[in-house]
2 protein chains.
Amino acid sequence: MASIREVAQEAGVGVGTVSRALNGSGYVSPETRKKIEKAAKKLNYTPNELARNLYHNKTGIVGVIVPDLEHPFFSSLVKHIEMELYEQGYKTMICNTVGISRREQEYLDMLERNIVDGIITASHGLEVEEYQKQTKPIVSIDRDLGSRIPLIGCDHAKGGKLAAELMLEARRRKVFLVSGISPNVMANDRYRTFRQILEENGVVAVLQEEMGWNIFSWEAHYKMAEEIFRLHPDVDGIFGSDLAALACLNVAQRKGIRVPEDLSIIGFDAMAPSGMVYPQLTAIRQNVELLAEISVNALLDMVEQRKNVPSRLILDVEIQRGGTV
Amino acid sequence: MASIREVAQEAGVGVGTVSRALNGSGYVSPETRKKIEKAAKKLNYTPNELARNLYHNKTGIVGVIVPDLEHPFFSSLVKHIEMELYEQGYKTMICNTVGISRREQEYLDMLERNIVDGIITASHGLEVEEYQKQTKPIVSIDRDLGSRIPLIGCDHAKGGKLAAELMLEARRRKVFLVSGISPNVMANDRYRTFRQILEENGVVAVLQEEMGWNIFSWEAHYKMAEEIFRLHPDVDGIFGSDLAALACLNVAQRKGIRVPEDLSIIGFDAMAPSGMVYPQLTAIRQNVELLAEISVNALLDMVEQRKNVPSRLILDVEIQRGGTV
DNA sequence: CTGTTAGCGCGTTCAT
DNA sequence: ATGAACGCGCTAACAG
C-alpha cells in the first residue's frame, strides 16, 4: 500500500531516484541506493502494477480463448501455453467461450480495452471478420483467420493419411468417420484426406457422421456412438476425435464387440484419457507442448515486435500405438 | 486508441461531461449526450481500462491457483470458476504452479501488486504463513489456511465413509488405500475415515501407499498400480483418487483380473475419464460446479465487501455407481 | 548523480 | 448542466 512517494520521503530523496534505484535504470550512487532499499524494505513497498501498466500501455497479460477448458486437448493446451508464457514473464487470462460467440466477442474486445497485450485463440465461433477488424496481436490455432493472423496447427492431412493407412493395413471394409462440421477449420483436412485415401483404395463403404463443431460433451459423443452401432452394427473401423473414439470403444465393449479383432478404432489428439482405457486407444498424436510453445513465441514476437512471424506454421503428427487397431 | 479528450474535442465539450455521459453518472442534457455519443461512435472510442483500473485501484481480475491444469478435477474446477466469474463481470487469471512453490508465491504476490482483486487457491505447495501474511481477499479450496481465509471443500470424511461401506457390502478382505501425504489438506479425512471404518469392521488387511501429494501424472500412477499388483497380487479392493483407481483398473485388466468379481475399485472425484473406461468407474463424486459457484461467491463477497463469509463451507458428496464394485 | 515536473487516460469534485 | 483542475502511482525527460 506504500507508494513510491512515501519511500522517497522516508529515504529523503526524490521519487525519480527511487524509481531508478528500484528499476536499475539510470545512475544512482551506491549509498543512496542503500538508503532507498532500506526504506523500501521498511515500508514493505511493492510497486503498483496498475500505474506501471498505464504508463507503459501494457499489462503483460495474454488472453487464451478456448471453447471448453474441460476438454482434455484444451486443458492441456492452456496448461502448456501458461507455462511458456510464465517463462517469458507473461500472465495468462483464460477465456472459456463454451461455444457462445458473444463471449468470444467480449473476450476479443479486451484487446482494444488494453486489458490484454495479445490473444491466442483456439475457439471458432465468431465471424472471421471480427478477428480481422483487430489491429493488435492475435494468433490462431487450427483456424484460418486470414493472412494477417498467423495460423498454427498440426498437419491434419498427414494425420488423416496415417489413420487411413492403419485402416488399410487392418483390411477394414466398412469404415465410419466421425467428423465435425466447422467451416475454415484445419481439422477438416484430416477427414477429407482420410476419406479420400480409403475410397481410392476400394474400401467398400465410408460412412460419415457430423458432430456439431462445438460439441465437446461426453454425453453427446456417447449417444452418437450408440446410434452408429444401432444403424450400422457391422462397421469394422471408426476414426474420429479422441472423445468420439473413446465413446465408440466404450459402447462396443458394452455390446461385446471384440476390439481390435472385429473393430478397429482410431482417435485423434491422443490426449490423456486415451491412455487410461483398456485396451489403450490407438490414435494420432499432436504435440501439444510444441504447439503451445510455437503459439506463444509467435504471439510474443508480435507483441514485442521482435521479428516477423510466418503466416502459417504446421507441426508434425505421429501415431500413438495402442491396442485398438 | 482514441482518448476521452479527443472525444470531448470532437463533441465540443469538456472531458468531464463525456465521462458522465458515457458512464451514466451525473447530469448531462439529452442533446449534449447525443453529440457525445455521435463523436464517440465516429472516433470508435473505447475507454482505456488501464486508466480506469488505476483510478479505481481494481482490475476486475481474479487469480485461480491450481497445481496442474491438465488434471481433470482442476480443469473442470477452473472452467466452472471462470463461468461463474464471467457471470459476475470478472475475468479469470490462471496460475498453474506445476508443484513449484516459488511459482505459487509469485502468483500470490500479484495480490499486493494489484494485478488481481482476489485469489482462489487450490494449490498447496506454499507455507500457510505466506497466505496468512496477505490482507487482500483469498479463499482456499480443500486446505486449511487459518480462520481468516475461508475454506471451501467437499465432505471428504463422508466420501471415505461411503467408499468404506461399499467395500464392506462387497465383502472385501484385503483392501489397498492409495492416499496422498500432504499436510493440512482436507483430502486426508477421506482416507482416515475409510481406513478407520474398515478396521473397525474387521477387514483382514488395510494396506496403504502414499503418492507424493503433488504428483498428478498418469505415468506415476500407472507405475504405482503395477507395484501394488506385483507386491500384493491378492488385493481385492482399491480406493484412491480417480487417477489411482483408473490406473489400477487398467493394470488389473491387462493382468486378466476380473473386475468387479475379484477386485473392487473405487475412485474419488468422479471426473470425466471415470466414465470413459469400461466398466465405468464406481467413484465418490464431488459437485465441482457447486464448489466453483460457492468459491466465487465467497471471494466476491469479500472483494466487494457485500457481506461476511463463513470460515468453512462443506459440500455434500455422493456415490457415482459404475461397474467396478 | 539527483530532484522536479510533465504526462499516461480517466473519474470526480468544485466552482460557475 | 458543464468545464477546469486535480489526483490515482509511476516513469522518463530535463535541468541542475
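The legends below describe several close-up views of a predicted model.

**View 1. The surface near DNA strand C is built from residues of chain A and chain B.** In this predicted model, 26 residues lie around DNA strand C, and those that come nearest are A:T17, A:S29, B:I4, B:Y45 and B:R52. Of the atoms of DNA strand C that come within 4 Å of the protein, 66% belong to sugar and phosphate. At least two residues of this surface are supplied by each of helix 2 (15–23) and helix 4 (49–56) of chain A, and likewise by each of helix 1 (4–11), helix 2 (15–23) and helix 4 (49–56) of chain B. Sorted by class, the residues of the surface near DNA strand C comprise 11 nonpolar, 12 polar and three charged.

**View 2. Residues of chain A approach phosphate oxygens of DNA strand C.** A:T17 places a polar side-chain atom 2.6 Å from a phosphate oxygen of DNA strand C, and A:T32 likewise has a polar side-chain atom 3.0 Å from a phosphate oxygen of this strand. For A:S29, by contrast, the atom concerned is a backbone N or O atom, which lies 2.6 Å from a phosphate oxygen of DNA strand C.

**View 3. DNA strand D is surrounded by 23 residues.** The closest of these residues are A:I4, A:Y45, A:R52, B:T17 and B:S29. Sugar and phosphate make up 72% of the atoms of DNA strand D that come within 4 Å of the protein. The classes represented on the surface near DNA strand D are 10 nonpolar, 10 polar and three charged residues.

**View 4. Residues of both chains approach phosphate oxygens of DNA strand D.** In chain A, an N or O atom in the side chain of A:Y45 is 2.5 Å from a phosphate oxygen of DNA strand D, while an N or O atom in the side chain of A:S19 is 3.0 Å from a phosphate oxygen of the strand. In chain B, a backbone N or O atom of B:S29 lies 2.7 Å from a phosphate oxygen of DNA strand D. Two or more residues of the surface near this strand come from each of helix 1 (4–11), helix 2 and helix 4 of chain A, and from each of helix 2 and helix 4 of chain B. Helix 4 of chain A gives the most to this surface, with four residues.

**View 5. Helix 4 of chain A crosses helix 4 of chain B.** The axes of these two helices come within 9 Å, and they cross at roughly 150°. Angles over 145 degrees count as roughly antiparallel, and helix 4 of chain A and helix 4 of chain B are therefore roughly antiparallel to each other. The crossing of helix 4 of chain A and helix 4 of chain B is left-handed.

**View 6. Helix 10 and helix 11 of chain A cross each other.** Helix 10 (residues 218–231) and helix 11 (residues 242–254) of chain A have axes that come within 8 Å and cross at roughly 55°. The two helices are therefore oblique to each other, and their crossing is right-handed.

**View 7. Chain A is divided into three parts, namely domain 1, domain 2 and domain 3.** Domain 1 covers 4–49, domain 2 covers 61–153 + 288–315, and domain 3 covers 156–287. Taken over C-alpha atoms, the centres of domain 1 of chain A and domain 2 of chain A are separated by 38 Å.

**View 8. Cis peptide bonds precede A:P260 and B:P279.** In chain A, a cis peptide bond with omega of about 10° joins A:V259 and A:P260, and A:P260 lies in the loop between helix 11 and strand 9 (264–269) of chain A. In chain B, the peptide bond from B:Y278 to B:P279 is cis, with omega near -5°, and B:P279 lies in the loop between strand 9 (264–269) and strand 10 (282–286) of chain B.

**View 9. B:R171 has a positive phi.** The phi of B:R171 is about 55°, although this residue is not a glycine. B:R171 lies in the loop between helix 8 (156–169) and strand 6 (174–180) of chain B.

Definitions and conventions. Residues are numbered from 1 along each chain as its sequence is written. Chains are lettered from A and ligands numbered from 1 in the order in which they are written. This is a predicted model: local features need pLDDT of at least 70, side-chain atom pairs count only at pLDDT 80 or more; totals for chains, interfaces and linings use all residues. Side-chain values use heavy atoms; hydrogens and water are left out. A residue is near a molecule or strand if one of its heavy atoms lies within 4 Å of it. A polar contact is a pair of N or O atoms within 3.5 Å; within protein, one must be able to donate a hydrogen and the other to accept it, and residues adjacent in sequence count only if both atoms are side-chain atoms. Ala, Val, Leu, Ile, Met, Phe, Trp, Tyr, Cys and Pro count as nonpolar, Asp, Glu, Lys and Arg as charged, and the others, Gly among them, as polar. Domain bounds come from an automatic or database domain assignment. Axes are lines fitted to C-alpha atoms, for helices over the stretch in contact, and angles run from 0 to 180 degrees between N-to-C directions. Angles under 35 degrees count as roughly parallel, over 145 as roughly antiparallel, 65 to 115 as roughly perpendicular and the rest as oblique. A crossing is left-handed if the near helix is turned anticlockwise from the far one by less than a right angle, and right-handed if clockwise.
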